[in-house]
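Below are some notes on the model you sent, point by point. Please read them alongside the coordinates.

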Amino acid sequence: MPKDTLTITDNRTGKTYEVPVENGCIRTNALRQIKVADDDFGLMGYDPAFLNTANCKSAITFIDGDKGILEYRGYPIEQLAEKSSYLEVAYLLLNGELPTPKELDNFVHLVTHHTYVHENVKSFMDGFRYDAHPMSVLGSTVAALSSFYPEAKYTKDEQSRRIQITRLIAKMPTIAAFSYRHLMGLPYIYPDNDLSYVANFLAMVKRVGTATYKVHPVLERALDVLFILHADHEQNCSTTSVRTVGSSEVDPYSAVTAGIGALYGPLHGGANEAVLRMLREIGHISKVPDFIKSVKSGEGEKKLMGFGHRVYKSYDPRAKVIKRVADEVFDVTGKNPLLELAVELERIALQDDYFVKRKLYPNVDFYSGLIYEAMGFQAEMFPVLFAIPRTVGWCAQWEEMVLDSEQKIARPRQIYTGQKRRDYVAMDKRAAK
Ligand code: CMC
């Protein structure tokens, strides 16, 4: 008779245990009963980098990495990218359902009217070096927001949570644009409440010498679609960081700062910047085979940036949408000269045994940088352009964690491999190594 349990025999003791299987998982805590002696701590799971450990139950985003499926609250990413807007998707991620027209109007109004930052934020940002990376500036400034909103620490209070989430979504483009203007040595431009979320951001970034910078509608829509594609991606490195830091019941600004830090890394959201630098380094289509060769040989620990994914073992569905968006953008901006190189790199890699065997396909970061560059962004801004839309994913996942009665402060175990207990050695008794 089949049963939803797992029977484990401990060959050290000959004892047998039965542990429940639920949602294709066993609770690793159920292994603690497996002991060789009464004073034994009990069996643990060892899973560096969480390769096979679920950290939470979540109803927000579904990914099937083998089939290349991504859904937000059950809606396929392709449909949302085609039919929806970023703020509508943000509402969906936060609330579980698509908004009615009235709900969307209210949400857009709320976000639009929280875009300003306290004037002190500007002087705070002025303190950064002239060439500060905008991702460092963004992270530090978001961390500083918790000092402007001390009531954010009441994480059990729904009203407080919701207002902080609104502020984070609303202020992120403002701080991102300010971080860019700081890098470029340009004056900060205040938000314009008459513009859409994306057009306002682009205006704050681009406006120079004219009060009426006109955002091209194709570029506005393209960035909105890119924002939709980046809005959430279940338990990735940055979201896990937000959940981990948030589990200490700290305010959401501090938790989201952790997410920004994680996203900055070249293996995560910093990959888009790294892809562009890699393409520039390759320089010419004729150098592609040599570059692929050097990646395969592991020379200098080189990687094909923008390729591979922990979860997707087929084409990243976001990368497919991005390729279409790229064509629309290049029709307006002219082709990015690095595109040809990227297409050739993809073509060769997808035929190469090394990449085929390891199921390495282009991910979301492979083509996004080319679009951002064509839109006139410096490479340093690329991870920031990832962080703006991911903010809603972080917030939705943070709130889900706060409301999950099974969650506790995150605190993994370790396997201690250090010295056994020993006595302190006086300075004059220590031998030189
Ligand atoms: N180029 C060359 N080899 C690779 C690459 C790559 N981009 N990615 C993975 N591999 C190899 C890796 O060396 C390993 O080979 P072997 O089995 O011989 O040791 C095998 O493929 C499996 O890789 P892994 O490192 O065990 O995979 P992971 O799940 O730990 O890492 C990853 C996933 C995304 C960090 C990795 O694929 C990578 O570093 N890619 C390049 C950086 C990148 O594009 N990151 C963006 C990820 S998508 C957006 C986001 O999340 O921000």
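1. Glu344 sits in helix α14, which runs over residues 339-351. The model is a predicted one, and in it Glu344 counts as buried because its relative accessible area is 19%, against a cut-off of under 20%. The Glu344 side chain has a polar contact, at 3.1 Å, with the side chain of Arg347. Leaving aside residues up to four places away in sequence, Glu344 touches Ile285 and Val288.

2. Helix α7 (residues 197-206) is mostly covered, with 9 of its 10 residues buried. Among them are Asn200, Phe201, Met204 and Tyr197. The packing partners of these buried residues are α2 (86-95), α3 (101-112), α6, α8 (217-229) and α17.

3. Helix α10 spans residues 252-264, 13 residues in total. From first C-alpha to last it reaches 18 Å, close to the 18 Å expected at 1.5 Å a residue. At its N-terminal end, Asp251 acts as a cap: one of its side-chain oxygens is 2.9 Å from the backbone nitrogen of Tyr253.

4. Tyr253 is also one of the buried residues of α10, a list that includes Pro252, Val256, Gly259, Ile260 and Leu263. The cover over the buried residues of α10 includes α5 (134-148), α6 (158-184), α9 (237-246) and α17 (382-403).

5. On the surface, Phe41, Met44, Tyr46 and Ile415 make a nonpolar patch of about 420 Å². Ile415 belongs to the segment after α17.

Notes
Residues are numbered from 1 along each chain as its sequence is written. This is a predicted model: local features need pLDDT of at least 70, side-chain atom pairs count only at pLDDT 80 or more; totals for chains, interfaces and linings use all residues. Side-chain values use heavy atoms; hydrogens and water are left out. Helices (H or I, at least four residues) and strands (E, at least two) are DSSP runs, numbered from the N terminus. The expected span of a helix is 1.5 Å times one less than its number of residues. Buried means under 20% relative accessible area, exposed over 50%, partly exposed in between (1.4 Å probe, protein chains only). Contact means heavy atoms within 4.5 Å. A polar contact is a pair of N or O atoms within 3.5 Å; within protein, one must be able to donate a hydrogen and the other to accept it, and residues adjacent in sequence count only if both atoms are side-chain atoms. Patches are made of residues with over 30% relative accessible area and no salt bridge: like charges are joined within 9 Å, nonpolar side chains (Val, Leu, Ile, Met, Phe, Trp, Tyr) within 5 Å. Accessible areas come from the Shrake-Rupley method with a 1.4 Å probe; for residues, only the protein chains shown count as cover. A salt bridge is a side-chain nitrogen of Lys or Arg within 4 Å of a carboxyl oxygen of Asp or Glu.
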